[in-house]
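Dear colleague,

Please find below the structure that I am handing over to you. A description of what was found in it follows.

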Amino acid sequence: MSSMLPFTPPIVKRLLGWRKGEAKNEQDEKWSEKAVKSLVKKLKKNGTVSQKKGLPHVIYCRLWRFPDLQSHHELKPVEHCNFAFHLRREEVCVNPYHYTKVDQPTLPAVLVPTNMRNNVEIPSEPPELPSLDDLTSTVPDNTSFPLPTNTRATPLNISSDTPPPGYMTDEGDPNSPPMICNGSFGSNGSHVGGSGRGMDTPSPTSNGPSSVNGALVETQPVMYCEPAFWCAISYYEMRTRVGETFHASQSSITVDGFTDPSNADRFCLGLLSNVNRNEVVENARRHIGKGVRLYYIGGEVFAECLSESSIFVQSPNCNQRYGWHPATVCKIPPGCNLKIFNNQEFAALLSQSVTQGFEAVYQLTRMCTIRMSFVKGWGAEYRRQTVTATPCWIELHLNGPLQWLDRVLTQMGSPTIRCSSMS
């Protein structure tokens with residue numbers, strides 16, 4: 001391997017030899033060598049790592065185990081590590097063999113009663129969700145996160161071009177002791193809100209009787225299937241939809257305001273044209289900048305604000321988790337992130353809703369839509385009351401949950417309330 005730096009010690013070359021994956025270009029090669037050289041330098045100096053920016057365990061897991069690693073959300077520690085990142089201690093383990101990749105969770109099948117109206121009386125008026133467009137509930141602009149103590153929007157200090165100094169003590173043995181880093185990043189870089197565990201739900205796998213309102217009915221399991229594209233993103237300016245829908249297949253994608261061509265992991269809004277664009281929209285578009293990064297990992301969706309201006313998110317699933325009003329709009333400041341959807345929680349709601357009838361299940365489609373505005377917020381504390389009054393915003397449709405709902409509704413048959421011109 002040809003060195004990209006003036007001098008490469010033998011130990012650095014040896015460690016680079018264990019790297020997983022190949023460098024994509026000269027810049028990646030230089031970055032990897034710089035990361036390892038910095039780590040070895042710190043080891044020789046004092047055996048610790050003083051780290052204030054970035055997440056070293058992510059960097060070294062990417063370097064030596066998982067070259068496609070995007071975020072710390074994708075990692076979970078082994079049980080025997082006493083200094084794992086999620087424990088938020090002063091000393092944090094950066095041994096890449098003390099972390100594993102998060103597995104995609106297996107969602108329980110939903111037991112859907114067949115011929116429900118022939119077997120049991122279903123309430124004709126299930127609880128209704130209010131229209132999100134007509135509501136103005138918001139997390140006020142002057143309210144600092146968190147509102148509940150477990151919903152903190154926290155800095156996600158991951159630097160892609162400036163590797164931190166580091167320290168390594170072993171040669172990749174899974175049974176080796178932790179590799180320790182001293183510094184403040186353990187508390188600053190903790191993941192967003194709660195434990196990330198889904199709600200407890202049953203795991204039915206076969207046909208059989210089920211109780212609906214005290215009566216036994218025959219049921220059919222409907223499974224969740226992961227689609228090729230996990231979400232579709234549409235861009236709007238005020239009430240006008242602009243450009244084509246972006247279909248996301250990658251686990252990490254960025255929506256930004258630059259003029260580069262869009263690709264599989266990047267949706268650039270700068271190139272999109274609108275003949276009716278006014279000065280307010282033009283000015284807001286200039287401040288989108290690096291925009292927002294969306295992660296879909298382990299059945300959970302996270303939004304991280306990369307822009308220098310805040311982003312504003314309306315996620316009914318997130319609001320349900322914390323007991324907020326369904327139309328609550330959360331402000332995510334620069335450098336912070338928020339969990340905006342959880343498949344396990346959605347599965348629990350779907351299982352509960354099938355016992356309430358077709359309409360109750362259908363209303364969950366609103367939970368599969370997430371709205372997000374750039375630069376300007378909306379809601380009760382803002383001059384703009386609805387998202388369609390904001391200059392620049394996007395709408396996410398979560399394909400997996402929506403398709404699951406469609407299969408459940410198809411199995412259920414038809415709504416209990418007949419449609420008419422007066423409906």
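I begin with a single loop residue: V375 is partly exposed, with 21% relative accessible area. This residue belongs to the loop between β19 and β20. Its phi is near 70 degrees, which is a positive value in a residue other than glycine. A second case is M238, also not a glycine, with a positive phi of about 55 degrees. M238 is located in the loop between β10 and β11, and its relative accessibility of 23% makes it count as partly exposed. Please bear in mind throughout that the model is a predicted one.

**Overall composition**

The protein has 423 residues, and buried residues make up 50% of them. Its secondary structure consists of 10 helices and 20 strands. Of the contacts between residues at least 6 apart in sequence, 72% join residues at least 24 apart.

**The six-stranded sheet**

Both of the loops mentioned above connect strands of one sheet. This sheet is open, has 6 strands in the order β11-β10-β20-β19-β16-β17, and is paired in the antiparallel sense. Its edges are formed by β11 (240-248) and β17 (330-332); each has a single partner strand, so one side of each is left without a neighbour in the sheet. On average, and with direction ignored, neighbouring strands are turned by 20 degrees against each other.

The pairings can be followed from strand to strand. Strands β10 and β20 run antiparallel and are joined by 6 bridges; Y236 stands opposite W393 in β20. Between β19 and β20 there are 5 bridges, again in the antiparallel sense, and here R371 stands opposite E395 in β20. Strand β16 (residues 311-314) is joined to β19 (residues 369-374) by 4 bridges, and the two run antiparallel. In that pairing, I311 has F374 of β19 opposite it.

Helix α10 (residues 399-412) packs on the sheet, where it touches β10 (231-237) and β20 (393-398). The direction of α10 makes about 50 degrees with that of β20. Strand β20 itself is mostly covered, since 5 of its 6 residues are buried.

**An enclosed helix**

Helix α8 (residues 343-353) deserves separate mention. Of its 11 residues, 9 are buried, so this helix is largely enclosed by the rest of the structure. The buried residues of α8 are N343, Q344, E345, F346, A347, A348, L349, L350 and S353. What do they pack against? Their partners include the strands β5 (110-113), β14 (292-297) and β18 (336-342). They also pack against the helices α7 (316-321), α9 (358-362) and α10.

**Aromatic residues**

There are 9 aromatic pairs in the structure. One of them is formed by F246 and F267, which are stacked at 5.0 Å centre to centre with 10 degrees between the planes. F246 lies in strand β11 and F267 in strand β13 (residues 266-268), so the pair ties together parts that are 21 residues apart in sequence. Both F246 and F267 are buried.

Another pair, Y322 and W324, is tilted, with 5.3 Å centre to centre and 45 degrees between the planes. Both Y322 and W324 are buried.

In addition, Y224, F341, F346 and W404 form one aromatic cluster. F346 is also among the buried residues of α8. Elsewhere, R89 lies over the face of F83, at 5.6 Å from the ring centre.

**Cysteines**

How many disulfides does a search of the whole structure find? The search finds 0. C61 is in no disulfide, and the nearest cysteine sulfur, that of C93, is 8.4 Å away. A disulfide requires the two sulfur atoms to be within 2.5 Å, so a separation of 8.4 Å does not qualify. C61 is buried, with a relative accessible area of 0%, whereas C225 is partly exposed, with a relative accessible area of 42%.

**Points to look at**

When you open the model, I would suggest starting with the sheet and following its order from β11 to β17. Helix α10, which packs on that sheet, then leads to α8, whose buried residues pack against α10 among other elements.

Yours sincerely

Technical notes. Residues are numbered from 1 along each chain as its sequence is written. This is a predicted model: local features need pLDDT of at least 70, side-chain atom pairs count only at pLDDT 80 or more; totals for chains, interfaces and linings use all residues. Side-chain values use heavy atoms; hydrogens and water are left out. Buried means under 20% relative accessible area, exposed over 50%, partly exposed in between (1.4 Å probe, protein chains only). Two strands pair if DSSP finds at least two bridges between them. Axes are lines fitted to C-alpha atoms, for helices over the stretch in contact, and angles run from 0 to 180 degrees between N-to-C directions. Contact means heavy atoms within 4.5 Å. Rings of Phe, Tyr and Trp (its six-membered ring) pair if their centres lie within 6.5 Å; planes under 30 degrees apart count as stacked, over 60 as edge-to-face and the rest as tilted. A charge sits over a ring if NZ of Lys or CZ of Arg is within 6 Å of the ring centre and within 35 degrees of the ring normal.
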